[in-house]
Amino acid sequence: MKKLISTTYSDNAFNFAMLLQRVAAGLMLLIAHGLPKISHYNEMAATFFDPLKIGHRNTLLLSIFAEVFCSMLLVLGLFTRIAAFIIVLDLSFAVFMYHRGQPLRNADLGIMYLTSVFSILLVGPGRVSVDVMMGK
């Protein structure tokens, strides 16, 4: 009971929590958002949200890069902060531009992904990551 109300934590608990957060956020983003963008590329390419005015297809490709490639890097803990930064940019456009003016329920999942990946960006991958094994 005392441990439940304690504000201390161990390094092992912190590193395990970061592993869980990285893997959960990365896999969910990959499976629920990245892979569907690849499988429906032809339907989405002509009308995908284009806030940067670089073309619908190019914006979709950047989003796929973030949500597929960078999500896989996040899961592995490889180039974690770079991958997290790219994902944070992608999700920021989704949350703050695409869902602007919409009810909160339309952006709540994006906000959860954004806060999760932003915390990984701030804290780093934890000890159980390829980055740490490579000595970065």
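How many Å should the 19 residues of helix 4 span at 1.5 Å a residue, and how far apart are its end C-alpha atoms? The expected span is 27 Å and the end C-alpha atoms are 26 Å apart, so the two values agree. The structure in which this helix sits is a predicted model, and the paragraphs below lead from the whole chain to its separate helices and then to two single residues.

The chain contains six helices and zero strands, and read from the N terminus on, its elements therefore run α-α-α-α-α-α. Along its principal axes, the C-alpha trace spans about 55 × 35 × 25 Å. Of the 136 residues in the chain, 35% are buried, while the accessible surface comes to about 8,600 Å², with 70% of that area belonging to carbon and sulfur atoms. If one takes the contacts between residues at least 6 apart in sequence, 64% of them join residues that are at least 24 apart. The chain carries 11 positive and 7 negative charges, and the mean positions of these two groups lie 7 Å apart.

Helix 1 covers residues 11-39, and its 29 residues should span 42 Å at 1.5 Å a residue; the end C-alpha atoms are 40 Å apart, which agrees with that expectation. This helix nevertheless has a kink of about 40°, centred on Leu-30, and Leu-30 is itself one of the buried residues of helix 1, a list that also includes Asn-15, Met-18, Arg-22, Ala-25, Gly-26 and Lys-37. The partners against which the buried residues of helix 1 pack are helix 2 (41-44), helix 3 (56-76), helix 4 (80-98) and helix 5 (104-123).

Helix 3, with 21 residues, reaches 30 Å from its first C-alpha to its last, close to the 30 Å expected at 1.5 Å a residue. A kink of about 30° is found in helix 3 as well, and its centre is Cys-70, a residue that belongs to the buried set of this helix together with, among others, Thr-59, Leu-60, Glu-67, Val-68 and Leu-74. The cover over the buried residues of helix 3 includes helix 1, helix 2, helix 4 and helix 5. After helix 3 comes Gly-77, which has a positive phi near 75°.

Returning to helix 4, its buried residues are Thr-80, Ala-83, Ala-84, Ile-87, Val-88, Asp-90, Leu-91 and Val-95. These buried residues pack against helix 1, helix 3 and helix 5, and also against helix 6 (130-134).

Two single residues complete the picture. Gly-34 is found in helix 1, and it counts as buried because its relative accessibility is 0%, where buried means under 20% relative accessible area. Leaving aside residues up to four places away in sequence, Gly-34 touches Leu-29, Glu-67 and Val-68, and of these Glu-67 and Val-68 are buried residues of helix 3. Along the chain, Gly-34 and Ala-13 are 21 residues apart, and their C-alpha atoms are separated by 30 Å.

Is Leu-122, by contrast, buried or exposed? Leu-122, which is found in helix 5, has a relative accessible area of 56% and is therefore exposed, since exposed means over 50%. Its C-alpha atom is separated by 16 Å from that of Ile-111, a residue 11 places away along the chain.

Notes
Residues numbered from 1 in each chain as written. Predicted model: local features only at pLDDT ≥ 70, side-chain atom pairs only at ≥ 80, totals over all residues. Heavy atoms only, no water. Helix = DSSP H or I, 4+ residues; strand = E, 2+ residues; numbered from the N terminus. Expected span 1.5 Å × (residues − 1). Bend = angle between axes of the 7 residues up to and from the residue. Buried < 20%, exposed > 50% of the residue type's maximum accessible area, 1.4 Å probe, protein only. Contact = heavy atoms within 4.5 Å. Areas by Shrake-Rupley, 256 points an atom, 1.4 Å probe, with all protein chains shown as cover. Lys, Arg positive; Asp, Glu negative; His and termini not counted. Charge placed at Lys NZ, Arg CZ, Asp CG, Glu CD.
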